[in-house]
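Colleague: Could you take me through the charged side chains and how they pair up? Please start with a quick word on disulfides.

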Amino acid sequence: MPDHLVIQCPKCPSDEVEAQLAPSSDAPSVAAFACLLCGYRWQPAELPDLLAPDYDQAYGTAPALDEEELTLALWAEGINLRAQAAQDGRGPAVDAGGYRLFYLRQAAYLDRAAHLMEVAAHGALVDEESAADAGDAAVMAADLLLHLDLELDQVHVEGLLGADSPQWQSAEGLRGYVRQEYTAWQEWEATARRDRQRR
């Protein structure tokens, strides 16, 4: 995960922000930030302190939302079938790592969907209540993931900051935690894929 601050516009859900430099003969310094979506400008002192990948970094190579929705539905059905088989003594249930990966991908799916709804609501393409509902669902899924990681003693946490970091203790923070962990999982997957190809 990149160790930098994600800069999000204080007035809209966009994280497409441009730094405007102060004219100086010395080293350049940031005079202000400007949102490329809504045009709002603000001072560097107003920066948020959430350390997490932005949406492009976290989800730039993720499957399309409809594809991921289908994958998650099939995966949930498989988890239920294996749980029933285990209860009947016909094999093991999905292990904690499998459950955790399912919850991670589900939380990432909901975070992505909510972000799209929030941007659309800013442009009056959808109503704000629908965007707020999508945001609430994303926060609930993120909270479930974070608490699962805490219950599992963080054995599956791969990101820069652990699940017990104070920065995750807000709605925005919880969703940032999902992006951190999804990014770390994708990096692990890419490394594993390269290792398999070398064999």
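Modeller: Sure: a search of the whole structure turns up zero disulfides, a disulfide being a pair of cysteine sulfur atoms within 2.5 Å. This is a predicted model, where local features need pLDDT of at least 70 and side-chain atom pairs count only at pLDDT 80 or more, while totals for chains, interfaces and linings use all residues. Residues are numbered from 1 along each chain as its sequence is written, and side-chain values use heavy atoms, with hydrogens and water left out.

Now the pairs. Side chains of opposite charge can pair when their charged atoms come close. The count is eight salt bridges, each a side-chain nitrogen of Lys or Arg within 4 Å of a carboxyl oxygen of Asp or Glu. In one of them, R175 meets D111 at 2.6 Å, N to O. R175 sits in helix α5 and D111 in helix α3 (residues 96-122), so this pair ties together parts 64 residues apart in sequence. Helices here are DSSP runs (H or I, at least four residues), numbered from the N terminus. Both R175 and D111 are buried, meaning under 20% relative accessible area; exposed is over 50%, and partly exposed is in between (1.4 Å probe, protein chains only). A network of salt bridges links D111, E118, R175 and R179.

Helix α5 also holds D195 and R198, three residues apart, about one turn of the helix. Their side chains form a salt bridge of 2.9 Å, N to O. D195 is partly exposed at 33%, and R198 is exposed at 63%.

Key. Helices (H or I, at least four residues) and strands (E, at least two) are DSSP runs, numbered from the N terminus.
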